[in-house]
Every structure is written in C-alpha cells, then in structure tokens.
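Please look over the model below before reading on. My notes are kept short.

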Amino acid sequence: MKKNAKLLLSIVSAGLLSMSVISCDDDDNDAYYLSGYMGANALVTVKHVGDDSCYFQLDDNTTLNPVNVKSTIFDGKEVRALTNFTYMDSYTVNSRNVYVNWIDSIRTKSTVPTLGDLNDETYGNDPIEIVNDWVTIAEDGYLTLRFRTLSNRTGHIHYVHLLTGVDENDPYTVELRHDAKGDVSGIETDGMVAFNLGELPDTNGEIVKLTLKWKGYTADKSTTFDYCTRRSSGNVTDMPIEVQTLLLDVD
C-alpha cells in the first residue's frame, strides 16, 4: 500500500507541528479525535524486541528500523501509530533504516464478542460513519479506522467497540458499535481507532474478505477489506494514548 498522507481538515494544532522525535501521553481515551494530521507519511505497527529496542511494521512485508529510537516506546506495548520519518538509506528488500521526526500512537484495542440482543445495551447503537481514507485499512493483523461522528464537545466520553461473531455463517464479518453517551449532536468530528483482529480464525495464509458493518446516519452500511492473518499476532494492548489533536474524550 502506498503511504501518501492526505490532508484531513484544514486546521492542524501547533502541538502537532512542533513535535520532536517521540510524543505520547497516557490517559483514559479509547481513540483520538483530530483536527488534522498533516505531515504524517506512514501508518505503522510499533513492535518491540526485548526490553530495549523497537521497530515499525510499515505493511505486511516491510519493516522500518528507527535509527534515532534506541529504547522501547509506549511502555513497550504494541500499538498502531501515525508517524513522520525520513529514509536514511537506499532501498533494501523488506527493510529500511529511517529517522523518526515524530510519532503518535492510535488507540489500539481488542475486539469483543457479540452479545446478541444485549448488544445495544452493552455496546450502544448510536450512528457513526467510516471515512474512506488512506488510514482506513486492514493490514498487519489490525483493522484501523478513521471514523466520523457528531459532537458538541461537552467532554462526554464516547465508546467504540468492534464486535466479532455477528454472522454465524461468516466469521470474518465484524460490526462497529458506537455509544455516544448522549453526545449525539453538534459538529462533525473525526477520530481514529485500531482493532487487533487476532481473535478471528486463522486464514492460513489466504486472503479473505473482511466485512465491516456499522449503523450510519442515513442507513445501515457495510464495506469489505482484503484480510490475511499476520504471521505473528504480537502483544494485544488496550493502552490508551492521547495525541495533541485531541478534541473529545472517547473510550
């Protein structure tokens, strides 16, 4: 996949522009809402080797070695992240040395099982939209989504979950649920979240169609992604990370 970033919205926070090398803050957020991420040139999985080094998975086949990151980051947890980097060498098959200009994690979560008739009560049933963007992708064992909701920015926490087992005939059908906790009006606000798909059946190296369903503002909707189980599932984490462009708390 070509990793060319596109401008999301016209406003970019000064904090994002001034980040240097590594930037992260721990809080209780489930995804981040953003006013823009102009300048990101890759979406990666941050993976760690032991207790003192890390590398980035750029896509299913390519890894990046961050030459200026000499220790673990994000408390050693595996997360999806947006980053801006500069290549430090000529192309090498499946591996590149890079200099990290900045990196910020995306809220990375596990999937949850469907509860049938209790889904509305447990996971909510508020509308949400999926944005067709370069960061909305299934790769490296994750489903990463840019989504859009309405919010009046009152500080209410929103909840998003990805449900498995929603189609007894197709284990690769999942459903995104959104609980706005009453914050259902206001301006359009975008956010990002990544879900580890390790609980889905192993595709045994085959590419299958992953179907995502959600309740949109005008109708029930769905889309499909090409999906293949990653060779190693890594460390699933629910570690919350905030970036500088946070507008609304979500969980």
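The numbered points below cover the fold, one sheet and the cysteines.

1. Status and make-up. This is a predicted model. The protein has 251 residues, and 51% of them count as buried. Its secondary structure comes to 2 helices and 18 strands.

2. Contacts and surface. Take the contacts between residues at least 6 apart in sequence: 74% of these join residues at least 24 apart. The exposed area of the protein is about 11,400 Å². Carbon and sulfur atoms supply 47% of that area.

3. The five-stranded sheet. One open sheet has 5 strands and mixed pairing. Read across, the order is S9-S13-S14-S16-S17. Which strands stand at the edges? They are S9 (112–113) and S17 (220–227). Each has a single partner strand, so one side of each lacks a neighbour in the sheet.

4. A pair inside that sheet. S13 covers residues 159–164, and S14 covers residues 173–179. The two pair in the antiparallel sense over 5 bridges. For a reference point, find valine 160: histidine 178 in S14 stands opposite. Strands of a sheet pair through backbone hydrogen bonds, either parallel or antiparallel.

5. Cysteines. How many disulfides does a search of the whole structure find? The count is 0. A disulfide would be a covalent bond between the sulfur atoms of two cysteines. Is cysteine 54 buried or exposed? Its relative accessible area is 7%, and buried means under 20%, so cysteine 54 is buried. Cysteine 228 has 25% relative accessibility. That value lies between the 20% and 50% cut-offs, so cysteine 228 counts as partly exposed.

Conventions. Residues numbered from 1 in each chain as written. Predicted model: local features only at pLDDT ≥ 70, side-chain atom pairs only at ≥ 80, totals over all residues. Heavy atoms only, no water. Helix = DSSP H or I, 4+ residues; strand = E, 2+ residues; numbered from the N terminus. Buried < 20%, exposed > 50% of the residue type's maximum accessible area, 1.4 Å probe, protein only. Contact = heavy atoms within 4.5 Å. Areas by Shrake-Rupley, 256 points an atom, 1.4 Å probe, with all protein chains shown as cover. Pairing = 2+ DSSP bridges. Disulfide = S-S within 2.5 Å.
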